Amino acid sequence: MSDRLHSILRAPHLSEKSMFVKEKDNVYVFKVRTDANKLEIKRAVESHFEVKVNDVRTVNVKARKRRVGRNMGKTAAWKKAYVTVEPGSGEIEYFEGT
């Protein structure tokens, strides 16, 4: 696996919505590199987790203004990917023992 493909997936995005979508539609949500395209994300998930991917949808999350004391700053902009896994091809384990 190339270095770029290995660095596409940053982390799983764990939220109430992502857990609901995972149980309902077999869709997993990941934080990914901002310059990654859908084909690269599909290849990274298939090679890393050994599952068959049906669909990839991406969302660019904009930076938000935040105040720390009297200083204004911004959060980092990031990208998330909704990855639909083919039924019966396996399951992606985020963490074990929980």
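Which residues of the largest nonpolar core touch the most other members?

## The core

In this predicted model, the largest nonpolar core holds 18 residues, and those that touch the most other members are F30, I41, V45, V83 and I92. Contributions of at least two residues each come from β2, α3, β3 and β6.

F30 can be followed in detail. Leaving aside neighbours within four places in sequence, F30 has contacts that include V45, V83 and I92, which are themselves listed with F30 among the core residues touching the most other members. Further contacts of F30 are made with L9, A11, P12 and H13, with F49, with K79, K80 and A81, and with Y94.

## The sheet

Four strands form an open sheet in the order β1-β2-β6-β3, and their pairing is antiparallel. The edges are taken by β1 (9-12) and β3 (53-61), each of which pairs on one side only, while neighbouring strands of this sheet are turned against each other by 30° on average, direction ignored.

Between β3 and β6 (residues 78-85), which run antiparallel, there are 8 bridges; within β6, A81 is the bridge partner of T58. A81 also appears among the contacts of F30.

## The helices against the sheet

Helix α2, spanning residues 16-25, lies across β2 (27-32) and β6, and its direction runs at about 140° to β2. Helix α3, spanning residues 38-49, packs on the sheet and touches β1, β2, β3 and β6, with a direction that makes about 125° with that of β3. In addition to these contacts, α3 supplies at least two residues of the largest nonpolar core.

Conventions: Residues numbered from 1 in each chain as written. Predicted model: local features only at pLDDT ≥ 70, side-chain atom pairs only at ≥ 80, totals over all residues. Heavy atoms only, no water. Pairing = 2+ DSSP bridges. Axes fitted to C-alpha atoms, helices over the stretch in contact; angles between N-to-C directions. Contact = heavy atoms within 4.5 Å. Core = buried A, V, L, I, M, F, W, Y, C linked by side-chain atoms within 4.5 Å. Buried < 20%, exposed > 50% of the residue type's maximum accessible area, 1.4 Å probe, protein only.
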